[in-house]
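Here are some worked exercises to try with the model open in your viewer. Have a go at each task before you read its solution.

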Amino acid sequence: RQFSIKRIVLPSQSHSIFLIFFGTLLHTCILYTGSVFISLLDALSKNYSFRGDSKSKEKFWVSMRNFIIAPLTEEFIFRGCMIPPLLASGMCTLHASLIAPLFFGIAHFHHAATRISHGERTSSVLLVTFFQFLYTSLFGIYASYAFIRAGSVIAVTLSHSYCNWMGLPDLSFISNSYHNLHQHRVAILLDRKSTRLNSSHANIS
C-alpha cells in the first residue's frame, strides 16, 4: 500500500472511513475488556466513580493535553512522519512496527529528569523510567501496526486517546484483601485470560 502526506490523515476513498476510524478504536476497546469489567464490578460496590467521571473533574487544559493534543501530535510525529519513510525505504511491516516505537519510548525519558528534580531517588526513577519505556514501546508497536493497516493518523489517535483515558490496569485488588474487588479477583483474572485467548484465536483465523 502506497503512503502519502494526504493519506496520513485520511485513508483512500475506496475504504470506509467510518469502519477504519472506529474499527481500530473498537479493537482497542476489546483489549481493555478486563479493565472495563473491573470498573463495572467496582461501580456495583457503590464505592467507585467511573474513569470518565474522575477525568471530567480535571482542569480543562490538562484534559485537552491528555486526550487531544498529546495523542494527535505524538501519532502524527511517531506514526505519520516516521512509518511511511521506513516503509518507502523497503523495510517490511514487521520491522517498521518494531523500530519506530523505540523512538516513541525514548521520547518519554524526559519524565526521569522531572522526577529527579523533584527529589526522587535515582534507583526508583530508573525503575519507573524503564517500565514506562517498556509499556510505551509496546503500545507503539500496536499503534504502528494499526496505522499501517488503517493508513490514517486519526484512527490511531482515537485509540491513543482512549488508552490515555483508561490508563494502566489497576491490579492492586489481587493482593490487597481490603480492596472492594479482592473477592472477585478470580473472576476478573479469568475474564482477562479469556480476552487474551479470544484475541489470539482471532489473530490466527
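## Exercise 1: the overall fold

Read along the sequence, this predicted model follows the pattern α-α-α-α-α-α-α-α-α-α-α.

**Task.** Work out how many helices and strands the protein has, what share of its residues is buried, and what share of its contacts joins residues 24 or more positions apart.

**Solution.**
- Step 1: the secondary structure comes to 11 helices and 0 strands.
- Step 2: of the 205 residues in the protein, 35% are buried.
- Step 3: take the contacts with a sequence separation of 6 or more; residues 24 or more positions apart account for 73% of them.

## Exercise 2: cysteines

**Task.** Find how many disulfides the structure has, and explain why Cys29 is too far from its closest cysteine sulfur for a bond.

**Solution.**
- Step 1: recall what you're looking for. A disulfide is a covalent bond between the sulfur atoms of two cysteines.
- Step 2: search the whole structure, and you get 0 disulfides.
- Step 3: check Cys29. Its closest cysteine sulfur belongs to Cys163 and sits 8.6 Å away. The cut-off for a disulfide is 2.5 Å, so this pair is too far apart for a bond.
- Step 4: look at accessibility. Cys29 has a relative accessible area of 25%, so it's partly exposed. Cys92 comes out at 34%, so that residue is partly exposed as well.

## Exercise 3: along helix α9

**Task.** Compare the span expected for α9 with the distance between its end C-alpha atoms, then say whether Ser137, Gln132 and Arg149 are buried or exposed.

**Solution.**
- Step 1: α9 covers residues 122–150. At 1.5 Å a residue, its 29 residues should span 42 Å, and the end C-alpha atoms are 41 Å apart, so the two values agree.
- Step 2: go just past the helix. Gly151 takes a positive phi of about 70 degrees there.
- Step 3: take Ser137, which lies in α9. Its relative accessible area is 8%, under the 20% cut-off, so Ser137 is buried. Leaving out residues up to four places away in sequence, Ser137 touches Pro101, Leu102 and Gly105. Its C-alpha is also 8.5 Å from that of Ile106, 31 residues apart along the chain.
- Step 4: do the same for Gln132, another residue placed in α9. With a relative accessible area of 10%, Gln132 is buried. Its contacts, again skipping residues up to four places away, are His108, His111 and Arg115.
- Step 5: finish with Arg149, also in α9. Arg149 has 57% relative accessibility, so it counts as exposed. Its C-alpha is 9.5 Å from that of Thr93, with the two positions 56 residues apart in sequence numbering.

## Exercise 4: two partners for α5

**Task.** Describe how α5 packs against α9 and against α7, and give the classes of the residues involved in the contact with α9 and with α7.

**Solution.**
- Step 1: pick the descriptors. Two packed helices are described by the angle between their axes and the distance between the axes.
- Step 2: start with α5 (residues 60–80) and α9. Their axes come within 10 Å and cross at roughly 75 degrees, so α5 and α9 are roughly perpendicular to each other.
- Step 3: list who meets whom. Glu75, Arg79 and Gly80 in α5 meet Phe139, Gly140, Ala143, Ser144 and Phe147 in α9. By class, that contact has 3 nonpolar, 3 polar and 2 charged residues.
- Step 4: move on to α7 (residues 93–106). Here the axes are 9 Å apart and the angle is about 140 degrees, so α5 is oblique to α7.
- Step 5: list the residues again. α5 brings Glu74, Phe78 and Arg79, while α7 brings Ala100, Phe103 and Phe104. They divide into 4 nonpolar, no polar and 2 charged.

Technical notes:
Residues numbered from 1 in each chain as written. Predicted model: local features only at pLDDT ≥ 70, side-chain atom pairs only at ≥ 80, totals over all residues. Heavy atoms only, no water. Buried < 20%, exposed > 50% of the residue type's maximum accessible area, 1.4 Å probe, protein only. Helix = DSSP H or I, 4+ residues; strand = E, 2+ residues; numbered from the N terminus. Contact = heavy atoms within 4.5 Å. Expected span 1.5 Å × (residues − 1). Axes fitted to C-alpha atoms, helices over the stretch in contact; angles between N-to-C directions. Parallel < 35°, antiparallel > 145°, perpendicular 65-115°, else oblique. Nonpolar A, V, L, I, M, F, W, Y, C, P; charged D, E, K, R; others polar.
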